[in-house]
Amino acid sequence: MSVESRFRMSQERLDELKKELEYLQTVREKEVSEQIKEARSFGDLSENSEYDEAKTEQGKLYSKIAEIMNLIENAVILENVPTGTVISVGSRVTVREVGEEDEETYEIVGSQEANPILGRISDESPLGRSLIGKKKGDRIEFEAPGGVIHYEILGFEN
C-alpha cells in the first residue's frame with residue numbers, strides 16, 4: 001500500500017475510531033434496521049417515503065462504516081518521540097507573525113486529528129511542515145493562500 005493511502009493519527013484517535021465503528025455496527029445498525037422494518041409495515045413500498053428515507057439512512061450508515069474501516073485498516077500511528085530540543089508531532093508551539101503583536105499557539109498532530117479552530121494543525125500542513133525540526137528563536141516562512149507568511153517561534157513544549 002502506498003504512503004499516500006495511509007492515515008497518520010495518534011493511538012488515541014485510532015481508539016476513538018474503533019469505538020465509533022463498534023457503535024455504528026451494533027447500536028446504529030440495529031436502529032436503522034428497525035426503521036426499515038417499521039416502514040415496510042406501512043404497506044406499498046413504491047409510495048412509502050418512510051421506507052425510502054430509512055434505506056437512504058442505511059446507505060449513509062454503510063458508507064460511514066466503510067470509511068471508518070478504511071481509516072482503521074490504513075492507520076499509521078504517530079509516535080510522539082520528541083527529543084526536547086526540536087519541534088515534533090505532539091509539540092505545542094507558540095509563534096508570532098513577524099511584525100505583529102498577537103501570539104498564537106498550535107499543537108502539531110496527524111492529519112486525522114487536525115482542527116485549526118481548536119489550534120490543532122496537521123504535520124502535513126504548510127505551517128506544520130515548516131515547524132517540524134525547528135526550535136525556539138527560529139524564523140520560518142510558508143506559503144498560504146494569501147501569500148508567504150513569516151513566523152518567529154517563541155517557544156514550544158513536547
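1. Let me start with the sheet. Five strands form an open sheet in the order S5-S4-S3-S7-S6, and the pairing is mixed. Its edges are strand S5 (120-122) and strand S6 (139-144), each of which pairs on one side only. On average, neighbouring strands of this sheet are turned by 45° against each other, with direction ignored. Please keep in mind throughout that this is a predicted model.

2. Strand S3 is a good place to look next. On one side, strand S3 (residues 92-97) runs antiparallel to strand S4 (residues 103-109), and five bridges join the two. If you would like a residue pair to find this on screen, try Arg-96, whose bridge partner in S4 is Glu-103.

3. The turn between these two strands deserves a glance as well. Five residues lie between the strands in the hairpin of S3 and S4. Which residue of this hairpin takes a positive phi? Gly-99 does, with a value near 90°.

4. S3 also pairs with strand S7 (residues 147-157), again in an antiparallel arrangement, here through six bridges. Two pairs help to fix the register: Arg-92 has Glu-157 as its bridge partner in S7, and Val-93 has Phe-156. A general reminder for reading such pairs: in a regular strand the side chains alternate between the two faces of the sheet.

5. Moving on to the edge strand S6, you will find that S6 pairs with S7 in the antiparallel sense over six bridges. How many residues does the hairpin that joins S6 to S7 run through? The hairpin connects them through two residues. Ala-144 finds its bridge partner in S7 at Gly-147.

6. Now for the helices. Helix H1 (residues 11-40) packs with helix H2 (residues 49-73) at an angle of about 165°, and their axes are 9 Å apart. Angles over 145 degrees count as roughly antiparallel, so that is how H1 lies relative to H2. The crossing of H1 past H2 is left-handed. As for the residues of the contact of H1 with H2, they divide into 16 nonpolar, three polar and nine charged.

7. One residue of H2 that I would pick out is Gln-58. Is Gln-58 buried or exposed? Its relative accessible area is 14%, and since buried means under 20%, Gln-58 is classed as buried. Leaving aside residues up to four places away in sequence, Gln-58 touches Val-32 and Ile-36.

8. Ser-49 is also found in helix H2. With a relative accessible area of 40%, Ser-49 is partly exposed, because that class covers values between the buried limit of 20% and the exposed limit of 50%. Where does Ser-49 stand with respect to Ala-39? The two are 10 residues apart in sequence, and their C-alpha atoms are 8.4 Å apart in space.

Terms used: Residues numbered from 1 in each chain as written. Predicted model: local features only at pLDDT ≥ 70, side-chain atom pairs only at ≥ 80, totals over all residues. Heavy atoms only, no water. Axes fitted to C-alpha atoms, helices over the stretch in contact; angles between N-to-C directions. Helix = DSSP H or I, 4+ residues; strand = E, 2+ residues; numbered from the N terminus. Parallel < 35°, antiparallel > 145°, perpendicular 65-115°, else oblique. Left-handed = near helix turned anticlockwise from the far one by under 90°. Nonpolar A, V, L, I, M, F, W, Y, C, P; charged D, E, K, R; others polar. Pairing = 2+ DSSP bridges. Buried < 20%, exposed > 50% of the residue type's maximum accessible area, 1.4 Å probe, protein only. Contact = heavy atoms within 4.5 Å.
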